[in-house]
Amino acid sequence: MSKKYSIEVPLYSSHIEHLAKLNRLEDIDIVLYGGAPNSPLNGGRFNYSLDGLFLWDKPFFSLTKRQLARVLDKFYRTLGQANQNGISFRLAFTNMFVSQEELNEENLYPVKWLVASSQKYGVKNGVILNNKFLEDRIRQMYGDKLVYVSSCTKYVSLDKLLTPAETLGMYLSDSGKYDFICLTPQDSRRAGLLKDVLRDAKSGIIAICNSYCADRCNSYYHYAYTSKQNKKSLLSTGLIDTIAGAFMFILPRVFTCSAFRQSFCKMDIKTIVKMQLDAGIVNFKLGRGLGAGLIDRLISLIRNFKEGHPDK
């Protein structure tokens, strides 16, 4: 029997043992997500962040071959441990820009591994996608052996800041084509839009509950910059080039990106989660970044909501 509430949790944001304990709760399904180490198909977070994995001997952005081997070993061991405990994993292959040459055996191996692990442990792993070219190839190779999630990074535009009405239309256009659709951070805070998309969607709807992106910030530029940066291998990433590029990207956005302000504040998801629950959201996502480790707080809010609404 499927559980009512699902929570996507960033890789390495909590110990697997703790997540496994939470996953045994009657109504909570825990799902891990993250990128594959050093993959050019990753999108939403810089590859050099390693999804929060700490290496004591990595002071800067690049990796040696030996370090990368350790990171890859940790990645697959963690995913195997998660699957053994009934926790599925969704691979965040959300790069906007994918070429034919990049759809090779090495880059697609993590998807192959996830399918094999699904069959071994009886869980259904998945992929979070942005690029249609990449999506078509994965669907051709693996069909319904995976869960398909449409990334929040899809619902942006180079040309302008999209209105809620425009993104709503995009969600509904994708409805039924994916198992789940993840709303943008901004739309995850809009009660009216949540109700509208839930009423008409044929896919599961995921809302981000540690949402802090500003309403007037066009996130396209962040996702595009990250996608381009992730084309550079961590084996050859230069310190000066990385810092200079980040500075040139950040400087024009200091006054529009709320992440700078939020980084000095305590993240409290209570107001957002209460609104999302009242709107009917049952699939939640803790985004990578500020508030990524608030899994216990989120579950507490869900359980309090259930106690106050026994009919839901």
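## Core, helix α10 and salt bridges in a predicted model

Author: The secondary structure of this predicted chain comes to 11 helices and eight strands, where helices (H or I, at least four residues) and strands (E, at least two) are DSSP runs numbered from the N terminus. This is a predicted model, in which local features need pLDDT of at least 70 and side-chain atom pairs count only at pLDDT 80 or more, while totals for chains, interfaces and linings use all residues. Residues are numbered from 1 along each chain as its sequence is written, and side-chain values use heavy atoms, with hydrogens and water left out.

Reader: What does the radius of gyration come to, against the globule rule?

Author: The radius of gyration of the chain is 19 Å, close to the 20 Å that the globule rule gives for 312 residues, so the chain is as compact as a globular protein of that length. The radius is taken over C-alpha atoms, and the rule is 2.2 Å times the number of residues to the power 0.38.

Reader: And how much of the chain is buried?

Author: Buried residues make up 52% of the 312 residues; buried means under 20% relative accessible area, exposed over 50%, and partly exposed in between (1.4 Å probe, protein chains only).

Reader: Which residues have the most contacts inside the largest nonpolar core?

Author: That core has 63 residues, and those with the most contacts inside it are I7, I30, I138 and F284. Helix α11 (residues 295-308) gives the most to this core, with six residues. A nonpolar core here is a set of buried Ala, Val, Leu, Ile, Met, Phe, Trp, Tyr and Cys residues joined through side-chain atoms within 4.5 Å.

Reader: What is F284 in contact with?

Author: Leaving aside neighbours within four places in sequence, the contacts of F284 (heavy atoms within 4.5 Å) include Y5, I7, I206, V273, L277, L298 and I302.

Reader: V273 and L277 are in α10, so which residues of that helix are buried?

Author: In helix α10 (residues 270-279), the buried residues are I272, V273, M275, Q276, L277 and A279. They pack against β1 (5-10), α6 (191-200), β7 (204-208), β8 (283-285) and α11. After α10 comes G280, whose phi is positive, near 110 degrees.

Reader: Switching to charges, how many salt bridges are there?

Author: The count comes to 18 salt bridges, each being a side-chain nitrogen of Lys or Arg within 4 Å of a carboxyl oxygen of Asp or Glu. In one of them the side chains of E8 and K285 meet at 3.6 Å, N to O. That pair links distant parts of the chain, with E8 in strand β1 and K285 in strand β8, 277 residues apart.

Reader: Are E8 and K285 buried or exposed?

Author: Both E8 and K285 are buried.

Reader: What about E102 and K231, and where do they lie?

Author: E102 forms a salt bridge with K231, the closest N and O atoms being 2.9 Å apart. E102 lies in the loop between β3 (88-93) and α3 (105-121) and K231 in the loop between α7 (220-229) and α8, so the pair ties together parts that are 129 residues apart in sequence. E102 is buried, with a relative accessible area of 14%, whereas K231 is partly exposed, at 31%.

Reader: Which residues are linked in a network of salt bridges?

Author: D187, R189, R190 and D215 are linked in such a network.
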